[in-house]
Amino acid sequence: MDLQRHIEAVLQLTWIAAAVVWIAGCLTAKRASRSEARRTRIFHLALITIAFALLFSSRLRVGVLAIQVVPDADWTRYLGLVLTVAGVLFAIWGRASLGRNWSGVVSIKQEHHLVQHGPYAIVRHPIYSGFLLAMLGTALADGQTGCLIAVALAFLAWWLKSRTEEEFLAAQFGDAYTNYQARVRALIPFVF
């Protein structure tokens with residue numbers, strides 16, 4: 001197997017592992033006491049679906065979306081692989097740190113706790129940050145315009161979703177959450 005195919009296989013296995021962890025985690029989540037509106041959920045899912053489709057389906061990348069904008073080189077594939085694995089591991093760490101408070105839908109759980117340890121001491125939304133890093137890594141490994149647009153769409157989707165979460169958490173935890181927001185950045189450590 002040549003290097004490019006080997007890296008592609010490891011990238012696929014990394015994303016499959018993330019999916020397995022997420023599906024398994026869905027089985028242990030607490031019941032929600034308050035959830036986001038259906039229209040915001042549908043909009044988020046549409047953006048994320050388009051982003052992942054662009055990232056993983058080379059058939060969708062035609063014309064301008066198929067332009068190679070990242071050097072087609074072994075070093076970019078290795079860098080992409082490292083970023084993908086690091087991002088998925090960071091997202092899984094975030095998911096594990098949330099425990100039963102996690103939900104795919106913006107919600108406040110019954111007996112919800114404000115988690116500020118582990119990756120939540122680095123960024124307020126480590127799952128989104130981790131998956132964005134992983135998507136950026138996968139986009140670098142592939143190098144086409146469509147992949148980079150996928151990362152931008154995912155960033156927009158998770159940034160919008162994080163704003164809704166911030167509203168829910170501020171309403172639930174008041175000053176404790178406001179103080180947390182002042183100390184810890186939302187998606188990119190020390191930056192944003």
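## Salt bridges, pockets and helix α1 in a predicted model

Student: In this predicted model, which residue does Arg 77 meet in a salt bridge of 2.4 Å, N to O?

Tutor: The side chain of Arg 77 forms a salt bridge in which N and O are 2.4 Å apart. A pair counts when a side-chain nitrogen of Lys or Arg lies within 4 Å of a carboxyl oxygen of Asp or Glu, so this pair qualifies. The partner of Arg 77 is Asp 72.

Student: Is Arg 77 buried or exposed, and which class does Asp 72 take?

Tutor: Buried means under 20% relative accessible area and exposed means over 50%. Arg 77 has 8% relative accessibility and is therefore buried. Asp 72, at 55%, lies over the upper cut-off and so counts as exposed.

Student: Which residues are joined with Arg 77 into one network of salt bridges?

Tutor: Asp 74 also forms a salt bridge with Arg 77, the closest N and O atoms being 3.3 Å apart. Asp 74 and Arg 77 both lie in helix α3, three residues apart, about one turn of the helix. Asp 74 is partly exposed because its relative accessible area is 39%. Through shared partners, the salt bridges join Arg 77 into one network with Asp 72 and Asp 74.

Student: How many residues apart in the chain are Asp 142 and Arg 61?

Tutor: The whole structure holds four salt bridges, and one of them pairs the side chains of Asp 142 and Arg 61 at 2.9 Å, N to O. This pair links distant parts of the chain, with Asp 142 in helix α4 and Arg 61 in the loop between α2 and α3 (74-98); the separation is 81 residues.

Student: Which class of accessibility does Arg 61 have, and which does Asp 142 have?

Tutor: The relative accessible area of Arg 61 is 6%, so Arg 61 is buried. For Asp 142 the relative accessibility is 31%, which means that this residue is partly exposed.

Student: Which element gives the largest share of the lining of the second largest pocket?

Tutor: The second largest pocket has a volume of about 370 Å³. Among its 16 lining residues, the closest to the centre are Glu 8, Leu 11, Arg 61, Thr 138 and Asp 142. Two or more lining residues come from each of α1, α2 and α4. The largest share, six residues, is that of α1.

Student: How many nonpolar residues are in the lining of the largest pocket?

Tutor: The largest pocket has a volume of about 780 Å³. It is lined by 38 residues, of which Trp 102, Ser 103, Ile 127, Tyr 128 and Lys 161 are the closest to its centre. Elements that each supply at least two lining residues include α1 (3-26), α5 (145-173) and α6 (175-183). By class, the lining has four charged and eight polar residues, and the nonpolar ones number 26.

Student: How far apart are the end C-alpha atoms of α1?

Tutor: The expected span of α1 follows from its 24 residues at 1.5 Å a residue, which gives 34 Å. The model agrees with this expectation, because the end C-alpha atoms are apart by 35 Å.

Student: What covers the buried residues of α1?

Tutor: In α1, the buried residues include Ile 7, Leu 11, Thr 14, Trp 15 and Ala 18. An α-helix has 3.6 residues a turn, so residues three or four places apart point the same way. What covers the buried residues of α1 includes α2, α3 and α4.

Conventions
Residues numbered from 1 in each chain as written. Predicted model: local features only at pLDDT ≥ 70, side-chain atom pairs only at ≥ 80, totals over all residues. Heavy atoms only, no water. 1 Å grid on protein atoms, 1.4 Å probe; cavity = no way out; pocket = protein on both sides within 12 Å on 5 of 7 lines; lining within 4 Å. Points joined across faces, edges and corners; volume = space filled by probe spheres on them. Helix = DSSP H or I, 4+ residues; strand = E, 2+ residues; numbered from the N terminus. Nonpolar A, V, L, I, M, F, W, Y, C, P; charged D, E, K, R; others polar. Buried < 20%, exposed > 50% of the residue type's maximum accessible area, 1.4 Å probe, protein only. Expected span 1.5 Å × (residues − 1). Contact = heavy atoms within 4.5 Å.
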